[in-house]
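Me: I would like a close look at a single part of this model, taken residue by residue and then set beside other places in the chain. Please give the cut-off behind each term as it comes up.

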Amino acid sequence: MFGLRQKLSLGFGGLLFIIVLIGTQGIRELSELGPSIDVILRENYRSVIACQNMKEALERMDSGTLFIVLGNEKFGNESIAKHKRDFEKALQVELNNITLPSEGEKANLIKKLFSQYTVTIQNVIKPGLSAEARRDVYFTKLLPLFQQIKKTAEEILQMNQDNMSEANDRARAKAAAARQRMYFLLFTGAMIAAGFIYFTGRWILRPITRLIDFTDQVAQGNLQLVIQSRSRDEIGRLTEAFNNMTAGLREFRRSDQAKLMRVQRSTQQAFNSLPDAVALVDLEGKVEVATESARETFGLKPQVQIQHTPAQWITEMYNDALKSGRAVEGKDDYAVVQYFLKGEERFFRPKATPILDNEKQPVGIVLIFEDITQVRQQDDMKRGLISTVSHQLKTPLTSIRMALHLLLEEKVGALTEKQAELLIAARDDSDRLYTIVEDLLDISRIESGRVQLNCCPVSSHALLLRAVESFQSAYRDHGVSLKFELPDNVPEAWADKTQIEQVFANLLTNALKYTSPGGTVTVSAQAGKELVSFSVSDTGRGIPAQYVSRIFDQFFRVPDTAAEPGAGLGLAIAKEIVEAHGGTITVDSYEGRGSTFTFTLKRADAFLQNGEQA
């Protein structure tokens, strides 16, 4: 049985044989046509030209003789001498190119007659001969020789022309025969080549085509195909290898499906044990795996498109995470969502996190709905506890402070120096405790919504000026410079003047506390399209990077500032007030280089315009 190499060698070898055969035959035909053409050009053409030259030279000599007969001897002698040489040269060419029978006899006859002609012409041009005698010699002797030479040259010319015509006919016949043979060879070669191509395609291309179709089917997941092949060449062995491969793939798929089923079930069980609602979504938006709470609460059941779920904000969050390639949290009203599950109020914080491959491209999205119900409940309990404790502490604390002030005023008796020192320390601590209680009550009222904001257009210039003026003396006493920067074009803010003054008070107190003497605190404002930004910048010690994110938490204080007075509630109160106004507060701080606290309020003109349009 032929192998693939032998089949290819046979196919290409056959084509090579056809090429060599046609080329050899073409060279042989051209070799045979060459001499025939050479006969036409070499053997006869030179004789034709030589005869034409002899006739022309002879006619010029005859014309020269006539000039002499007519009395112009000088011109006639020159013409005869010149064309005599031309005639002899052409005659010599003819004598050296004898190719036809009887051509030699006629050429020698011309040579003999020309010798007689040259002798006779001397008698005509002999000096002193009368014109009558010259005419007599010319017409009786010279002219017949002229005519006989010219006739003989014409006969030689005609013989060669006839032979050229015959040679041309023979060459044409050979060319026609060669053309017929070449047509036959080309047709035969084409048929043989077609046969080789057909069998080559049948031996090689058709099995390869079957293999390509087979691989396409395998790529589509059809592993049940088996290719039948009777050949034992390389393609046959490749076919067997493909069959073995698909058999291995079938076995692997069976084991892989079982393994995948185990992984899916274990993953689903692990998902179901999670406290949060979690769903894994592919790139087409189809839910692959979901926890029980995700299925029941948000309708994220496996094989369901998230576009078909009632909560469109989930789809928007999914699309944002897919486009940006980073984690996305719920926005605005969906930062925390409320659901009732089995009659129980539940709160969730949604987040969409992309799953990235090695090239940092998304391959899926994990939707996580963090259950913060317990956190909210704890916050509510904490706020309730703080509010209750603060209220309960305020009344006795007020009595204690009053008693301490009365004692220090010595209205109930004189005090020793030691007693006065102790009472002053107790008074300062009670005042600080009273401030903490007031701060706690403020936070409690703001968080519970019991504080009614009396918002109206407020001059930004007036807000900053009042804040700076109220702290000028305190800053001067501590040796800290307090600057005021306000562009002329800053518009009015929509705010509760009293509450915002408290924000400035807390920020300026905080800046003074952590700025060393000789430092600078700058209060500034800047207008935006819909907001007004206010900033308090200091050149103090700054906040370590690991604590910046917690600086607005209640009761949080940077560890190395524990010796400073305060309970860690000032920034938390400022944050609650600003957010109650619909603004935001941020901090930009670098340890050792100071901090900048910035909060935003709505522009009064933009707020009123939007309200009228609504």
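What is the relative accessibility of arginine 60, and as what does this residue count?

Reply: This is a predicted model, in which local features need pLDDT of at least 70 and side-chain atom pairs count only at pLDDT 80 or more, whereas totals for chains, interfaces and linings use all residues. Residues are numbered from 1 along each chain as its sequence is written, and side-chain values use heavy atoms, with hydrogens and water left out.

Arginine 60 has a relative accessibility of 36% and therefore counts as partly exposed, a class that lies between buried (under 20% relative accessible area) and exposed (over 50%), computed with a 1.4 Å probe on protein chains only. Its side chain meets that of glutamate 56 in a salt bridge, with 3.8 Å from N to O; the term requires a side-chain nitrogen of Lys or Arg within 4 Å of a carboxyl oxygen of Asp or Glu. Both arginine 60 and glutamate 56 belong to helix H1, residues 4–69, where they are four residues apart, about one turn of the helix. Helices (H or I, at least four residues) and strands (E, at least two) are DSSP runs numbered from the N terminus. Glutamate 56, at 41% relative accessibility, is likewise classed as partly exposed.

Helix H1 takes part in another such pair, since the side chains of lysine 150 and glutamate 59 meet in a salt bridge of 2.7 Å, N to O. Here lysine 150 lies in helix H4 (residues 131–219) and glutamate 59 in helix H1, so the pair ties together parts that are 91 residues apart in sequence. Lysine 150 is partly exposed at 29% relative accessibility, and glutamate 59 is partly exposed too, with a relative accessible area of 27%. Eight salt bridges are counted by this rule, including one between the side chains of arginine 603 and aspartate 605, at 2.7 Å from N to O. In that pair arginine 603 is buried, with a relative accessible area of 17%, while aspartate 605 is partly exposed, at 39%.

Charge also meets an aromatic ring: the charged end of arginine 593 sits over the ring of tyrosine 590, 4.6 Å from its centre. To qualify, NZ of Lys or CZ of Arg must be within 6 Å of the ring centre and within 35 degrees of the ring normal.

Turning to ring pairs, a search of the whole structure finds nine aromatic pairs. One of them joins phenylalanine 114 and tyrosine 117, whose ring centres are 6.3 Å apart and whose planes are at 20°, so the pair is stacked. Rings of Phe, Tyr and Trp (its six-membered ring) pair if their centres lie within 6.5 Å, and planes under 30 degrees apart count as stacked, over 60 as edge-to-face and the rest as tilted. Both residues lie in helix H3, residues 103–124, three residues apart, about one turn of the helix. Phenylalanine 114 is buried at 5% relative accessibility, as is tyrosine 117 at 0%. Another pair is formed by phenylalanine 534 and phenylalanine 599, with ring centres 5.4 Å apart and planes at 25°, so this pair is stacked as well. That pair links distant parts of the chain, with phenylalanine 534 in strand E11 (residues 531–538) and phenylalanine 599 in strand E13 (residues 594–602), 65 residues apart. Phenylalanine 534 and phenylalanine 599 are both buried. Ring pairs also link Phe87, Phe114 and Tyr117 into a cluster.

Asparagine 510 offers a further case in a helix, namely H11, residues 497–513. At 18% relative accessibility asparagine 510 counts as buried, and, leaving aside its neighbours within four places in sequence, asparagine 510 is in contact (heavy atoms within 4.5 Å) with Leu571 and Phe597.

Last come the cysteines, for which the count of disulfides (pairs of cysteine sulfur atoms within 2.5 Å) is zero. The sulfur of cysteine 455 is 7.5 Å from the closest cysteine sulfur, in cysteine 456, which is too far for a bond. Cysteine 455 is partly exposed, with a relative accessible area of 25%, whereas cysteine 51 is buried, with a relative accessible area of 0%.
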